[in-house]
Amino acid sequence: MKIAIVVAEFNQKITSRMYDVALETAKKLNLDVIHTSNVPGIFDMPLVIDKLLQRSDVDAVVTLGAVIKGQTKHDEVIAHSTARNIAKLSVKHQKPVSLGISGPGMQVRQAYARIRPVSENAVNAVFKVHNEIKEIEK
């Protein structure tokens, strides 16, 4: 299975570690990471995901990001909008796209605590969904 990973640069100290965990998890599952895209923030992911899903050599896309609470509800608006758009792209292209984005509403220490579980779950999710789709198509 060939996957692409899209990583948000915002909160890079966290997302770079998420990326390392995702690569480690992909290797354990024998997944081939054929492309990595870095985008400014999670809000910028949908366009890149759309282009990746159009490629015949990409079976799934893993997203990685961390949305940390600020002084307003901006984190909630960005996270909800992005999640909705990612889900729509997955259905449109009939390929798995994981939501490896922690938050909204979390503090920095919570984001660090979620690096491993969110990243592992994001990779595991595309693997499982891809296999389930293949089983259904039989």
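The predicted model agrees in its overall dimensions with a compact globule. For 138 residues, such a globule would have a radius of gyration near 14 Å, and the protein has 14 Å. Its C-alpha atoms fill a box of roughly 50 × 30 × 25 Å along the principal axes. Of the 138 residues, 43% count as buried. The accessible surface comes to about 7600 Å². Carbon and sulfur atoms account for 53% of that surface.

The protein contains five helices and four strands. Along the sequence, these elements follow the pattern β-α-β-α-β-α-β-α-α. The pattern thus opens with a strand and closes with two helices. Contacts were also sorted by sequence separation. Among contacts between residues at least 6 apart in sequence, 79% join residues at least 24 apart. Charge placement was examined as well. The protein carries 19 positive and 14 negative charges. The mean positions of the two sets are 4 Å apart.

Strand E1 spans residues 2-8. This strand is mostly covered, with six of its seven residues buried. Its partner is strand E2, residues 32-39. E1 and E2 run parallel and are joined by seven bridges. Within this pairing, alanine 8 stands opposite valine 39 of E2. In a regular strand, side chains alternate between the two faces of the sheet.

The loop between helix H1 (12-28) and E2 holds asparagine 30. The phi angle of asparagine 30 is near 60 degrees, a positive value in a residue other than glycine. The relative accessibility of asparagine 30 is 68%, so this residue counts as exposed; the cut-off for exposed is over 50%.

A second positive phi angle occurs at glutamine 94. Here phi is near 55 degrees, again in a residue other than glycine. Glutamine 94 lies in the loop between helix H3 (74-93) and strand E4. With a relative accessible area of 59%, glutamine 94 is exposed. Asparagine 30 and glutamine 94 therefore share two features: a positive phi and an exposed position. Each sits in a loop that leads from a helix to a strand, H1 to E2 for asparagine 30 and H3 to E4 for glutamine 94.

Strand E4 covers residues 97-106 and includes proline 104. The peptide bond that joins glycine 103 and proline 104 is cis. Its omega angle is about 0 degrees.

Helix H5 spans residues 115-136. Among its residues are lysine 134 and glutamate 135. Lysine 134 has a relative accessible area of 43% and is therefore partly exposed. Glutamate 135 has a value of 46%, so glutamate 135 is also partly exposed. Both values fall between the 20% limit for buried and the 50% limit for exposed.

Distances from these two residues to other parts of the chain were computed between C-alpha atoms. Glutamate 135 and lysine 2 are 133 residues apart in sequence. In space, 17 Å separates them. Lysine 2 belongs to E1, which starts at that position. Lysine 134 and isoleucine 42 are 92 residues apart along the chain. Their C-alpha atoms are separated by 29 Å.

Definitions and conventions
Residues numbered from 1 in each chain as written. Predicted model: local features only at pLDDT ≥ 70, side-chain atom pairs only at ≥ 80, totals over all residues. Heavy atoms only, no water. Rg over C-alpha atoms; globule rule 2.2 N^0.38 Å. Buried < 20%, exposed > 50% of the residue type's maximum accessible area, 1.4 Å probe, protein only. Contact = heavy atoms within 4.5 Å. Areas by Shrake-Rupley, 256 points an atom, 1.4 Å probe, with all protein chains shown as cover. Lys, Arg positive; Asp, Glu negative; His and termini not counted. Charge placed at Lys NZ, Arg CZ, Asp CG, Glu CD. Pairing = 2+ DSSP bridges.
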